[in-house]
Amino acid sequence: MDWRTKLLNPAPQARRDYRSLATPVYRGSTVLFDKQAAVSDDWQQAENGYTYGLYGTPTTLELAARISAMESARYTFIVPGGQAAIALVYMAYCKAGSHALVPFTAYGPNREMAEGLLRGFGVEVEPYDAMAGAEIEKLIRPETTLIWCESPGSVTMEVQDVPAIVKAAHAHGVAVALDNTYAAGVLFDAFTHQVDVSVQALTKYIGGHSDLLLGSVSVRDDKAYEAMGPVYRQLGLAVSPDDCSLALRGLQTLPVRLAQLETSTLQVARWLADQPQIETVLHPAMPSCPGHEFWQRDFTGSASVFSFIFKEAITAAQTEQFLESLTLFGIGMSWGGINSLAVVYPDIDRPDKDYGGRLVRLNIGLESPDDLIDDLQRAIAGISPA
Ligand SMILES: *Cc1c(COP(=O)(O)O)cnc(C)c1O
C-alpha cells in the first residue's frame, strides 16, 4: 500500500483499554456500522446505539446522563447554549396559532425570541406577571400549549409559585417549562414539582468557570421526550465534545462551589442590606425579595447572583461611577463562574416599575467575601455625599 493509503488505514493501533478516571473526549461525525443493514440515522442513541455525531458522541451522552440523573429526568438533551435550549422548547411545543405564556421577568433573549422569531411564525407569546401563581389560569386559552416559568426571574429575582402554576396548567393540558439555571438543576427539584421540561444554561454553574457555552433540556416523561427528540434532530443542535468535557469537569466540583458561593453571597447581600445608601436587596433568601416565601418552601439553597437598588438620592450616573470604581468586580454579563461581576441594567423593562438606572446585579465569585465587601464599601463611599 502507498504511504498515503497507510496513513488512513493504520495497521498497528494503540491499545484502547485505557481506563481513565476522566471521560475521554470523543470527537466524530461519522459512526461506522458493521453492515449496511445496521445503517441508521436515529437520534435515540442512548437506546438504539450510536448513529451520527450530531446527536452526540459518548462524551456528550455521558454529560446528558449525569445531568439527567442529577435532575431525576427521563432524559436530557445537550444543546449549544441556554438560549438554544429555550428555542428548542418553543419549537417542540408551539406551532402557528399556538399561544404561550412567559413571565415578564424571563431571561431577556427568551422574551426577544417571543416577540421576534416566534411572532413571525404565527405563535403568540404573552408576557405574564411572575407573581401570578394560580391566577395564571385566567390567561390560559384553548390554544395555549406552553407556560414558561423562570424562578427566580432574571435581574429582578422574583421567586414564582411554580406548583400553583403547574396545577393550573395541567388542569388545562398545558405543558410547563422551567428555566432552572439559577438552581443549577439541584436547588429546586423541577420534576418533583411536576414541571414537564427543565432547562439550564450549563454555561453558568455547571461549566462554572466562564469558559464554555452549553445548555440542557431535561424532560420528565416519555411524552415530553417524544415531543422534544424529533425537533432536536431537525434543528441540528450539535455541540462540541470539548465543551462537554469541560462541563463534566465542572460537575465534579459543583457541590463545593455552590456551597461556598451561597455562604459568600449571603454575607455580601446581608452587608449591602445594612447600608444606608441602599433601598433594597433582591436576594431570594432575604424577605425583601418578592416570592421569598416560595423560595423558603420550595428551594434547598440559594446561589451567587442577586441584585440591589440604590436609594433615589443616588443618580444613574453615580451608579455607573460606583460600578466603574469597583476593583474586584468585573463589569460583565453572565454569572455562575468563579469571578465576581457587576452590571447595571439601565433599561430593565418591568411593568409599573422604574428602577431609574439604580439597579445593580452582582455575581459573587470565590474571592474572599471580606475583600469583596471592602471593595463595595469603598465604591459606595466614593459616590455618597460627605
Ligand atoms: C444565561 C442564561 C440563559 C442563556 O444561556 P446561554 O448559554 O448564554 O445561551 C438562559 N436563561 C437564563 C436564566 C440565563 O441566565
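Which element gives the most to the lining of the largest pocket? Helix α5 does, with four residues. Here is a friendly tour of the rest, keeping in mind that this is a predicted model.

1. **Two domains.** A good place to start is the division of the protein chain into domain 1 (20-248) and domain 2 (253-381). Taken over C-alpha atoms, their centres are 27 Å apart. Where the two domains touch, domain 1 brings 32 residues to the contact and domain 2 brings 36 residues. You may like to find both halves on screen before reading on.

2. **The seven-stranded sheet.** One open sheet is built from seven strands, and its order reads β1-β7-β6-β5-β4-β2-β3. The pairing in this sheet is mixed. At its edges stand β1 (75-79) and β3 (124-128); each has a single partner strand, so one side of each is left without a neighbour in the sheet. Going from one strand to the next, the twist averages 20°.

3. **A parallel pair inside that sheet.** To see the pairing up close, look at β5 (residues 175-179) and β6 (residues 197-201). These two strands pair in the parallel sense, over three bridges. Within the pair, A177 stands opposite V197 in β6.

4. **A helix on the sheet.** Helix α5 (residues 108-115), met in the opening question, packs on the sheet and touches β2 (99-103), β3 and β4 (144-150). The direction of α5 makes about 155° with that of β2.

5. **The five-stranded sheet.** A second open sheet has five strands, in the order β8-β9-β12-β11-β10, again with mixed pairing. Here the edge strands are β8 (278-282) and β10 (330-331); each has a single partner strand, and therefore one side of each lacks a neighbour in the sheet.

6. **An antiparallel pair and its helix.** Strands β11 (residues 341-344) and β12 (residues 359-363) run antiparallel and are joined by four bridges. One residue pair to look up is V343 and its bridge partner in β12, R361. Helix α11 (residues 316-325) lies across β9 (305-310), β10, β11 and β12. Relative to β11, helix α11 runs at about 165°.

7. **The largest pocket.** About 720 Å³ of space lies in the largest pocket. Where does the largest pocket lie? Domain 1 (20-248) and domain 2 (253-381) both give residues to its lining, so the pocket lies between them. The lining counts 37 residues, and those nearest the centre of the pocket are Y107, G108, P109, S154 and Y345. At least two lining residues come from each of α4 (82-93), α5 and β6. By character, the lining divides into 17 nonpolar, eleven polar and nine charged residues.

8. **The cavity.** How many cavities of 30 Å³ or more does the structure hold? There is one, and about 70 Å³ of space lies in it. Its lining is made up of W43, Y55, T60, L61, A64, Y75, T76, F77, I78 and Y232. Two elements give two or more residues to this lining: α3 (58-71) and β1. The largest share, four residues, comes from β1, the strand already met at an edge of the seven-stranded sheet. Of the residues lining the cavity, eight are nonpolar, two are polar and none is charged.

9. **Two backbone details in one loop.** Finally, please look at the loop between β4 and α7 (162-171), where P152 lies. A cis peptide bond joins S151 and P152, with omega at about -5°. V155 has its place in the loop between β4 and α7 as well. Although V155 is not a glycine, its phi is positive, at about 70°. If you have the pocket in view, S154 is one of the residues listed as lying nearest its centre.

Notes
Residues numbered from 1 in each chain as written. Predicted model: local features only at pLDDT ≥ 70, side-chain atom pairs only at ≥ 80, totals over all residues. Heavy atoms only, no water. Pairing = 2+ DSSP bridges. Axes fitted to C-alpha atoms, helices over the stretch in contact; angles between N-to-C directions. Contact = heavy atoms within 4.5 Å. 1 Å grid on protein atoms, 1.4 Å probe; cavity = no way out; pocket = protein on both sides within 12 Å on 5 of 7 lines; lining within 4 Å. Points joined across faces, edges and corners; volume = space filled by probe spheres on them. Nonpolar A, V, L, I, M, F, W, Y, C, P; charged D, E, K, R; others polar. Domains from an automatic or database assignment.
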